[in-house]
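I opened a fresh page for this one and jotted things down as I looked them up. Here are my entries, in the order I made them.

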Amino acid sequence: MAGSESTPDLQEIHDFLVDLAFKAGKTINSALPTVSSTDSKKNSSDLVTEYDRAVELQVSTALKEKYPEYDFHGEETYDPAHPLTDAPTFIVDPIDGTTNFVHGFPSVCISLGFAIKRTPAVGVVFNPFTQTLYSAIRGKGAYLNKTTKLPLKGANIEPLQGLSNSLIAVEWGSDRSGQNFETKVRTFEQLGKSREEGGAMVHSMRSLGSAALNLCSVAAGTLDLYWEGGCWAWDVCAGWVILSEAGGIMVDGNPGEWTAKLDSRRYLAVRGSPNGEGQKELVEEFWSHVQGRMDY
């Protein structure tokens with residue numbers, strides 16, 4: 001479906017997505033599945049439930065009724081024959097953190113993004129377990145629960161001071177073999193290893209199990225950096241605009257590639273810092289510890 005010639009009303013889209021996220025959150029909270037009730041897309045770590053499908057249907061139906069002129073790109077209905085285009089597009093992950101969801105671990109969200117020319121323009125991320133809402137409109141700032149501007153420390157956020165002073169997010173992902181997995185595992189080791197042994201010795205690493213919530217935590221300033229390979233546009237679209245509006249930056253996860261693409265499947269996010277101080281240096285320091293290149 002081709003996009004409309006008219007300019008999208010980003011504020012209206014934002015408000016509609018927020019309302020839709022709360023409605024979908026009720027569906028997510030309506031019942032908690034068990035591991036035995038899930039299907040596997042590829043392996044035991046890549047799960048999908050009836051709730052993933054139900055929430056995406058709920059969201060896509062509402063969006064197509066309200067905005068029939070815009071495209072829709074969702075995780076559960078993705079068709080490789082119809083990749084992301086430059087048309088105004090809703091990019092949706094109905095339940096980001098499905099493995100957390102089936103285990104009852106409360107790091108779960110619905111991620112609702114809107115992109116124009118493959119650039120994130122509106123983002124809404126809602127965790128129905130904690131009733132936490134992150135949202136942003138390009139050029140209008142990012143907010144927690146509609147009223148608290150991100151990053152949480154505002155102008156008092158500390159400058160970035162290198163990997164040894166950083167709390168970073170990483171994820172194992174669902175692909176547990178091959179070169180990409182080896183790159184991740186060897187990089188994780190390098191990040192954790194002592195500086196005397198040539199490592200970065202980061203403060204610590206976290207895995208929230210949700211790309212969208214990892215990005216929102218970087219936007220909030222509670223995480224300093226998030227490195228990922230293997231996730232998809234629907235995992236990062238909403239969180240990307242929230243991060244950018246909070247003063248953070250997104251680059252490619254592979255060393256030396258400063259321009260990140262929405263559908264590249266490789267991402268490195270760095271939190272905001274006063275006047276961007278230390279962002280470039282932290283990216284380059286992180287890249288220096290990446291053990292190989294990811295090919296997705």
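**Entry 1: a valine to start with**

Where is V202 found? I looked it up, in what I should say is a predicted model: V202 sits in the loop that runs between helix 4 (178–192) and strand 11 (204–206).

Next I asked myself: is V202 buried or exposed? Its relative accessible area is 8%, and the cut-off for buried is under 20%, so V202 counts as buried.

Then I checked what V202 touches. Not counting residues up to four places away in sequence, I noted L163, S164, S166, I168 and L191. I also took down one distance: the C-alpha atoms of V202 and L163 are separated by 5.2 Å, though the two residues are 39 residues apart along the chain.

**Entry 2: the two domains**

I turned to the domain assignment of the protein, which gives domain 1 as 10–151 and domain 2 as 155–289. For the contact, I wrote down 42 residues from domain 1 and 28 residues from domain 2. The centres of the two domains, taken over C-alpha atoms, are 21 Å apart.

How much area is buried between domain 1 and domain 2? I got about 2,600 Å², and carbon and sulfur atoms give 66% of that. Three residues got a star in my margin: P120, Y134 and P151 supply 21% of the area that domain 1 buries against domain 2, more than any other three residues.

I counted polar contacts too, and there are eight residue pairs of that kind between domain 1 and domain 2, both residues at pLDDT 80 or more. Which elements give two or more residues to the side of domain 1 that touches domain 2? My list reads strand 3 (71–74), strand 4 (89–96), strand 5 (109–116), strand 6 (119–127) and strand 7 (132–137). Strand 6 provides the largest share of that side, with seven residues. Sorted by class, that side of domain 1 has 20 nonpolar, 14 polar and eight charged residues.

**Entry 3: two residues in those strands**

I picked S111 in strand 5 and D93 in strand 4. S111 has a relative accessible area of 0%, so I put it down as buried. D93 is buried as well, at 1%.

What does S111 touch, leaving out residues up to four places away in sequence? I found I91, V92, D93, V124, V125, A212, W234, D235 and A238. For D93, with neighbours within four places set aside, I have E75, I110, S111, W234 and D235. W234 and D235 turn up in my notes for S111 and again in those for D93.

**Entry 4: salt bridges**

How many salt bridges does the structure hold? I have ten. One salt bridge is found across the interface of domain 1 and domain 2.

I looked at R118 and D263, whose closest N and O atoms are 3.8 Å apart. R118 is in the loop between strand 5 and strand 6, while D263 is in the loop between strand 13 (249–251) and strand 14 (266–270), 145 residues apart. R118 is partly exposed at 37% relative accessible area, and D263 is partly exposed at 35%.

Then came E228 and K184, which meet at 3.1 Å, N to O. E228 lies in strand 12 (residues 225–229) and K184 in helix 4, so this pair ties together parts that are 44 residues apart in sequence. Are these two buried or exposed? E228 is buried at 6%, and K184 is buried at 4%.

My last pair was E257 and R293, at 2.2 Å, N to O. E257 is in the loop between strand 13 and strand 14, and R293 is in the segment after helix 7 (279–287), 36 residues apart. E257 counts as partly exposed at 25%, and R293 does too, at 42%. I closed the page with a network: salt bridges that share partners join D252, E257, R266 and R293.

Conventions
Residues are numbered from 1 along each chain as its sequence is written. This is a predicted model: local features need pLDDT of at least 70, side-chain atom pairs count only at pLDDT 80 or more; totals for chains, interfaces and linings use all residues. Side-chain values use heavy atoms; hydrogens and water are left out. Domain bounds come from an automatic or database domain assignment. Contact means heavy atoms within 4.5 Å. Buried area is the accessible area (1.4 Å probe) that two parts lose on being put together, summed over both. A salt bridge is a side-chain nitrogen of Lys or Arg within 4 Å of a carboxyl oxygen of Asp or Glu. A polar contact is a pair of N or O atoms within 3.5 Å; within protein, one must be able to donate a hydrogen and the other to accept it, and residues adjacent in sequence count only if both atoms are side-chain atoms. Helices (H or I, at least four residues) and strands (E, at least two) are DSSP runs, numbered from the N terminus. Ala, Val, Leu, Ile, Met, Phe, Trp, Tyr, Cys and Pro count as nonpolar, Asp, Glu, Lys and Arg as charged, and the others, Gly among them, as polar. Buried means under 20% relative accessible area, exposed over 50%, partly exposed in between (1.4 Å probe, protein chains only).
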